[in-house]
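Colleague: Before I use this model, I should like each term justified. Please set every value against its definition and then conclude.

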Amino acid sequence: MNAIQIRNVTKRYKNITALDHVSFSFEHGRIYGFLGRNGAGKSTLINIIANRIFSDEGEVLIDGIPAKENMGVHEKVFCMSETDLYDTGLKIKEHFKWMKRFYDSFDMEKALEIAGKFQLDTEKRFGALSKGYQTIFKLTAALALNVPYVIFDEPVLGLDANHRELFYALLLKDYEEKERTIIIATHLIEEVANLIEDVVLIDRGKVILQESVENLLAAGYCVSGMAQEVDRYCKGKNVIGQDELGGLKLVYVLGEKTQIPAGSGLQMTAMNLQKLFVKLTEKGES
Amino acid sequence: MKKLRIVIQYECVTSFKYIWLFYAIEYAIVLLIAVVVALCTGAMEHVGSNCLEINTMIYAAVLGVLGFHEDFKMLIQNGFTRRYIYLATLSMFAFISGIMALVDTVMGNGLHYFLNGYSSMYGAIYGYYHFFANWLWLFLLYMLVCSLLYLVGLAVNRYGKRILLYSGAALLGLVLIVMAMFRYILPGEIARSVLNFLAGAMGFMSDGTKHLGLPLLTLFLIAALLELGAYAVIRRTELR
């Protein structure tokens with residue numbers, strides 16, 4: 001099967017259960033938004049997929065091959081992480097040189113081209129780069145690697161708006177040229193909303209939602225008006241959040257839309273991905 | 001196997017250049033001291049830099065610690081398994097220890113030959129001009145130091161500093177208890193047998209002769225034990 005399959009993965013840290021029997025798949029050839037609040041378990045799961053930490057229970061399979069301590073998945077998955085794990089003493093061009101040797105699928109020409117677009121000085125040592133340029137180097141490395149699954153954990157940390165836009169453009173271009181699975185774990189939901197095709201939402205160690213962005217946006221909506229009217233309309237619906245101001249009420253609904261009753265004074269508006277994320281994770285809290 | 005070869009090359013190549021930097025600094029300092037002492041005393045007899053191998057041992061210790069901290073992170077980022085990382089690190093320790101042991105053997109015997117007052121570590125213990133035994137002894141000694149510090153680095157990462165400090169204190173206590181046992185509890189005959197055994201393990205035989213092979217075997221066994229321990233820990237090591 002062409003996918004990253006997460007099967008019943010559990011990870012505990014002393015008294016905290018970071019991941020609680022998580023099971024789902026990242027299918028091949030799609031762009032995923034892997035979303036969740038701080039401490040939800042995103043990085044823990046990414047680190048398990050990338051064999052950086054071990055799960056206490058369950059397993060991760062990449063194209064059917066167990067990911068744990070297995071060189072068989074070396075050319076299949078790459079994880080660009082927020083943490084700086086690279087040798088600070090090596091120059092950027094040396095890093096590229098070694099990556100070319102480590103991975104059969106590393107495209108040196110593409111790496112240099114991307115580095116040029118970002119004006120990344122390849123003569124500089126990794127440790128001498130600013131935080132933003134260290135991120136750019138990590139992005140460049142990930143984009144120049146033609147593996148079927150690429151994971152970006154907080155990819156635009158420390159980047160200015162221009163560089164973020166450039167990264168998103170390069171990512172899309174890369175995806176158009178060669179279809180592969182791209183997983184983006186980020187807090188900047190609105191920035192990636194137009195980029196991602198599917199959303200996996202994780203909260204307190206559990207996957208609470210996996211859906212295509214299209215379906216989610218079609219299913220999520222806001223209804224506002226007088227509180228009594230809103231309550232009457234929402235009866236039996238999946239209300240994921242609400243705000244009140246005086247006698248006015250705004251509710252966030254996930255599910256099938258029904259016609260607004262004529263003369264009720266209610267208004268129906270679309271809900272964006274970020275609001276949906278906030279309300280879903282707030283709902284879990286309450 | 002191709003990937004294993006490449007990762008071993010990475011470890012060796014990226015560590016190789018620092019050896020020469022280390023030696024350049026070491027011998028520049030030795031030379032400076034020699035010049036200052038010679039200028040002050042007007043003679044070379046009092047120039048007293050002996051056992052320069054101790055500096056290499058310190059370098060090997062640093063290499064052992066960095067072997068975990070820097071290289072583990074870099075290689076796990078690049079998708080290598082712990083088994084590959086361990087084999088590459090072990091190969092790098094052997095490569096660097098081999099080269100440094102060679103340099104120190106040549107320099108130790110050379111300096112002793114030209115400046116009679118200089119004593120190398122091996123020469124002072126076992127005598128001079130046993131080139132191969134000298135090289136192998138230093139190689140195993142440096143491997144042992146690298147392995148010990150590598151194991152300590154891995155253990156600190158896995159179990160935390162506090163547990164390691166407690167273990168160190170417990171080990172110190174054990175050493176003191178053993179010493180007290182030798183002095184006050186164990187019968188003289190047994191204590192003498194144990195000491196003779198330990199001396200024999202380091203090549204000092206009870207008849208007063210020196211056996212050059214036994215210390216090599218002892219160092220090899222200790223280094224192998226430490227490396228086995230390191231492998232047992234790294235197999236379960238997680239990135240923090």
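Modeller: Over all chains, the structure holds 22 salt bridges, a term that stands for a side-chain nitrogen of Lys or Arg within 4 Å of a carboxyl oxygen of Asp or Glu. The model is predicted: local features need pLDDT of at least 70 and side-chain atom pairs count only at pLDDT 80 or more, whereas totals for chains, interfaces and linings use all residues. Residues are numbered from 1 along each chain as its sequence is written, chains are lettered from A and ligands numbered from 1 in the order in which they are written, and side-chain values use heavy atoms, leaving out hydrogens and water.

Colleague: What makes R12(A) and E57(A) a salt bridge?

Modeller: The closest N and O atoms of R12(A) and E57(A) are 3.0 Å apart. That value lies within the 4 Å limit, so the pair qualifies. The pair links distant parts of the chain, with R12(A) in strand 1 and E57(A) in strand 4 of chain A, 45 residues apart. Helices (H or I, at least four residues) and strands (E, at least two) are DSSP runs, numbered from the N terminus.

Colleague: How do you know that strand 1 of chain A is paired with strand 2 of chain A?

Modeller: Pairing requires that DSSP find at least two bridges between the strands. Strand 1 (residues 3–13) and strand 2 of chain A are joined by eight and run antiparallel, so the condition is met. Within this pairing, T17(A) of strand 2 is the residue opposite R12(A). Two residues lie between the strands of this hairpin, where K14(A) takes a positive phi near 50°.

Colleague: What about strand 4 and strand 5 of chain A: how many bridges join them?

Modeller: Strand 4 (residues 57–62) and strand 5 of chain A are antiparallel and share two bridges, and since at least two are asked for, they are paired. L61(A) has P66(A) in strand 5 as its bridge partner.

Colleague: Why are strand 2 and strand 5 of chain A called edge strands?

Modeller: Four strands of chain A form an open, antiparallel sheet in the order 2-1-4-5. Strand 2 (16–27) and strand 5 (65–66) each have a single partner strand, so one side of each lacks a neighbour in the sheet.

Colleague: Where else in chain A is there an antiparallel pair?

Modeller: Strand 12 (residues 239–245) and strand 13 (residues 248–254) of chain A pair in that sense over six bridges. Q242(A) faces V251(A) of strand 13. In this hairpin, too, two residues separate the strands, and G246(A) has a positive phi near 60°.

Colleague: What secondary structure does chain B have?

Modeller: Chain B has eight helices and zero strands, and its C-alpha trace spans about 60 × 50 × 35 Å along the principal axes.

Colleague: How do you know that the length of helix 1 of chain B agrees with expectation?

Modeller: The expected span is 1.5 Å times one less than the number of residues. For the 40 residues of helix 1 (residues 2–41) of chain B this gives 58 Å, and the end C-alpha atoms are 59 Å apart, which agrees. G42(B), with a positive phi near 75°, follows helix 1. Helix 5 (residues 131–159) of chain B, with 29 residues, reaches 41 Å, close to the 42 Å expected.

Colleague: What makes up the interface of chain A and chain B?

Modeller: Counting contact as heavy atoms within 4.5 Å, chain A supplies 25 residues and chain B 26 residues. The buried area (accessible area, 1.4 Å probe, lost on putting the two parts together, summed over both) is about 2,500 Å², 54% of it from carbon and sulfur atoms. In chain A, M71(A), L85(A) and F102(A) lose the most area to chain B, together 27% of what that side buries.

Colleague: What makes K2(B) and D104(A) a salt bridge?

Modeller: Their closest N and O atoms are 2.8 Å apart, so the pair satisfies the 4 Å rule. The rule finds four salt bridges across this interface.
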